[in-house]
Amino acid sequence: MNVKFRPKILYIEDTPASRQLVSRLLGQDYIVLEAADPLSGIELAKHTNPDLILVDVNLPGMSGFDLLDQHVAAAGRTAIIVITGRATVANAIEATRRGAYDYVTKPFDLDALRLLARQVLERQALQRKLSQAREKTRAEFTPGVEIVGQSAAMQEIYKRIGRVAGTQAT
């Protein structure tokens with residue numbers, strides 16, 4: 001039986017109507033988790049490891065920017081898209097400076113949000129595959145102690161290997 005992987009999206013938004021709309025829209029293709037406030041969103045993220053987080057900037061008790069700072073500081077690798085009703089260049093710059101993948105303004109185009117979410121999740125899937133391929137390649141081709149030789153020529157080869165081993169040279 002082939003089980004299809006469905007990425008998880010966490011939407012942290014204090015407006016129930018907005019949460020419901022986005023959940024219905026993205027729920028067709030993804031598992032959508034909802035949180036009405038930042039603290040429950042942080043807890044939910046810890047326990048569910050979402051693939052993408054959508055967060056409103058204006059939240060009760062903690063801004064979306066503060067949540068973004070906490071997530072990045074906790075070495076979060078989940079992409080975050082910041083959503084706000086106050087479209088300013090300063091907010092957009094602040095969001096990306098703090099580590100947001102992207103910045104969306106309300107009212108947002110639902111199709112554009114769906115496309116952005118798909119792009120983010122596809123990019124993450126490709127990065128995971130690349131990382132796995134690199135690890136596999138490293139494991140298969142990492143030189144070990146299989147080289148045998150004591151001659152002066154072999155000692156020179158060992159020295160050269162040691163000099164280039166830590167570089168990206170081909």
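Buried residues are those under 20% relative accessible area, exposed ones lie over 50%, and partly exposed ones fall in between (1.4 Å probe, protein chains only). By this yardstick aspartate 56, with a relative accessible area of 4%, is buried. The structure discussed here is a predicted model, in which local features need pLDDT of at least 70 and side-chain atom pairs count only at pLDDT 80 or more, while totals for chains, interfaces and linings use all residues. Residues are numbered from 1 along each chain as its sequence is written, and side-chain values use heavy atoms, with hydrogens and water left out.

It helps to start with the sheet. Helices (H or I, at least four residues) and strands (E, at least two) are taken as DSSP runs and numbered from the N terminus; two strands pair if DSSP finds at least two bridges between them. Five strands form an open sheet in the order S2-S1-S3-S4-S5, with parallel pairing. The edges are held by S2 and S5, each of which has a single partner strand, so one side of each is left without a neighbour in the sheet. On average, neighbouring strands are turned by 20 degrees against each other, direction ignored. For such angles, axes are lines fitted to C-alpha atoms, for helices over the stretch in contact, and the angles run from 0 to 180 degrees between N-to-C directions.

Strand S3 (residues 52-56) is where aspartate 56 lies. The parallel pairing of S1 with S3 runs over four bridges, and tyrosine 11 stands opposite leucine 54 in S3. S3 also pairs in the parallel sense with strand S4 (residues 79-84), here over five bridges; isoleucine 53 has isoleucine 80 as its bridge partner in S4. In a regular strand the side chains alternate between the two faces of the sheet. In S3, Leu52, Leu54 and Asp56 point one way and Ile53 and Val55 the other, and all are buried.

Towards the S2 edge, S1 and S2 pair in the parallel sense over five bridges, with lysine 8 opposite isoleucine 31 in S2. Helix H1 packs on the sheet and touches S1, S2 and S3 (contact means heavy atoms within 4.5 Å); the direction of H1 makes about 170 degrees with that of S2. Helix H2 (residues 38-48) likewise packs on the sheet, touching S1, S2 and S3, and its direction makes about 170 degrees with that of S1.

The charged side chains come next. A salt bridge is a side-chain nitrogen of Lys or Arg within 4 Å of a carboxyl oxygen of Asp or Glu, and the structure holds five of them. One of these joins glutamate 13 and lysine 106 at 2.8 Å, N to O. The pair links distant parts of the chain, 93 residues apart: glutamate 13 sits in the loop between strand S1 (8-12) and helix H1 (16-26), and lysine 106 in the loop between strand S5 (102-105) and helix H5 (110-141). Glutamate 13 counts as buried because its relative accessibility is 0%, whereas lysine 106, at 25%, counts as partly exposed.

Lysine 106 also forms a salt bridge with aspartate 56, the closest N and O atoms being 3.5 Å apart. Aspartate 56 is in S3 and lysine 106 in the loop between S5 and H5, so the pair ties together parts that are 50 residues apart in sequence. Glu13, Asp56 and Lys106 are thus linked in a network of salt bridges.
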